[in-house]
Amino acid sequence: MKRGLAKGVLLMTFVVFIVSSMDDLTNWIARARNEKTGWWGTDRHRYGDLYGFTYLSKFRIQNPQGSDNLLRFDTVAPHTKKIDLYALSDSYGWGLFEHPSLFKNVNKIVYTRLNDRQTTDVTLDKTKKNVLLLETSERNVRLVYEDTTYMQHFFNIKDTENNVSPAFKKNDAFKLKYKLNDIDANIEFNLWDYSFLTPFKEFKADLYYSMFNRLSKGAYLSDDKKYLLYDLTIDTVYKQSSFKPVDKNELRGIIKVLNKVYDQYRSKGFDEVYIAIIPNPVSILYPNYHGLIYNNLISLVQNDRTLKCKVIDLNRVFKQTNEQVYCYSDTHWNRNGERIWLSLVNSALRPFVE
């Protein structure tokens with residue numbers, strides 16, 4: 001009996017290890033379980049990704065209004081459809097770009113996913129106004145806009161329709177690719193991320209916070225206790241931090257890459273190239289978090305006199321608004337934030353049809 005039980009445990013451990021070592025398989029399981037509400041489901045992202053880091057019961061907020069929890073707005077009134085909009089986008093924009101009808105005067109939208117480092121083959125329609133939008137959250141700016149190679153090849157411009165690939169060059173195909181390092185998160189997900197365990201996780205997290213005033217790795221709590229904040233955007237060890245100083249050489253390098261992107265894609269037939277940086281929540285809500293000093297990265301990039309890209313300045317508007325624009329338990333904006341950004345983009349596109 002004991003031997004059989006030991007063999008069963010050993011077999012289960014081996015299966016979990018193998019599954020966890022394959023990102024594609026674990027991600028496929030995660031997508032399936034994210035849609036389940038029973039014991040088999042997972043609450044890691046259901047109430048916000050930062051809730052999934054901490055499991056503080058206060059932040060178990062149903063359906064956070066983030067970019068993955070749609071929809072959201074009415075479509076715009078009938079329009080001219082004179083613009084083809086192309087975008088490099090991180091997770092803030094994916095849900096919006098899936099709905100071209102939200103964008104005024106836009107005929108179609110083609111976007112490539114920054115997080116997956118996709119390369120997309122496209123052919124520009126010369127009868128349309130072709131506009132390129134670089135949409136990135138602030139935490140991605142210093143990582144992405146230093147990557148000259150990728151930034152110059154996320155769109156592969158073809159000359160004729162016959163040369164266009166039918167889909168993204170991305171890893172959609174299921175692959176048995178093993179990863180033997182950094183699999184801890186996958187193992188934790190496959191062993192412990194089940195809805196029936198959520199009450200126990202919340203009890204542990206609440207007790208740990210009440211006793212030691214600390215959260216699990218991945219998030220901080222705002223001083224007014226209203227928001228969970230992503231640790232990467234605060235801890236100055238990381239380039240994503242809103243408080244890590246930006247020196248002149250680094251800024252010069254970012255601008256140089258952006259100008260190369262501008263020149264390349266304009267030469268390939270784009271009528272204009274815009275940059276739209278979405279501020280880290282902490283940059284807007286708590287720019288002096290625990291006495292730290294905001295590095296003003298967005299303003300430094302957008303206001304650089306040598307920058308060639310046109311700017312969609314969400315930073316200024318978010319600083320001035322009295323609306324809540326970010327989720328309490330998620331790294332993303334809410335519907336108010338989306339709506340404001342969408343309005344700014346539509347305003348920027350208006351001159352192309354006037």
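The following questions and answers set values from a predicted model against the definitions behind its structural terms.

This is a predicted model in which local features need pLDDT of at least 70 and side-chain atom pairs count only at pLDDT 80 or more, while totals for chains, interfaces and linings use all residues. Residues are numbered from 1 along each chain as its sequence is written, and side-chain values use heavy atoms, with hydrogens and water left out.

Q: What makes β8 and β9 paired strands?
A: Strands are DSSP runs of E with at least two residues, numbered from the N terminus, as are helices (H or I, at least four residues). Two strands pair if DSSP finds at least two bridges between them. Two bridges join β8 (residues 272-278) to β9, so the criterion is met. The bridge partner of Y274 in β9 is K310.

Q: Why is one side of β2 and of β9 left without a neighbour in the sheet?
A: The open sheet of five strands has the order β2-β1-β4-β8-β9, with parallel pairing. β2 (106-113) and β9 (310-311) stand at the edges, each with a single partner strand, so one side of each has no neighbour in the sheet.

Q: Which strands does helix α13 touch?
A: Helix α13 (residues 335-349) touches β1 (83-89), β2, β4 and β8, where contact means heavy atoms within 4.5 Å. The direction of α13 makes about 150° with that of β4; axes are lines fitted to C-alpha atoms, for helices over the stretch in contact, and angles run from 0 to 180 degrees between N-to-C directions.

Q: How do you know that the length of α13 agrees with its number of residues?
A: The expected span is 1.5 Å times one less than the number of residues. For the 15 residues of α13 this gives 21 Å, and the end C-alpha atoms are 21 Å apart, so the two agree.

Q: Why is R305 called exposed?
A: Exposed means over 50% relative accessible area, buried under 20%, and partly exposed in between (1.4 Å probe, protein chains only). R305 has 87% relative accessibility and therefore counts as exposed. R305 is placed in the loop between α11 (297-302) and β9.

Q: Is N259 buried or exposed?
A: N259, in helix α9, has 11% relative accessibility and so counts as buried.

Q: What makes the pairing of N259 with K308 a polar contact?
A: A polar contact is a pair of N or O atoms within 3.5 Å; within protein, one must be able to donate a hydrogen and the other to accept it, and residues adjacent in sequence count only if both atoms are side-chain atoms. The backbone nitrogen of K308 lies 2.9 Å from a polar atom of the N259 side chain, so the distance falls within the cut-off.
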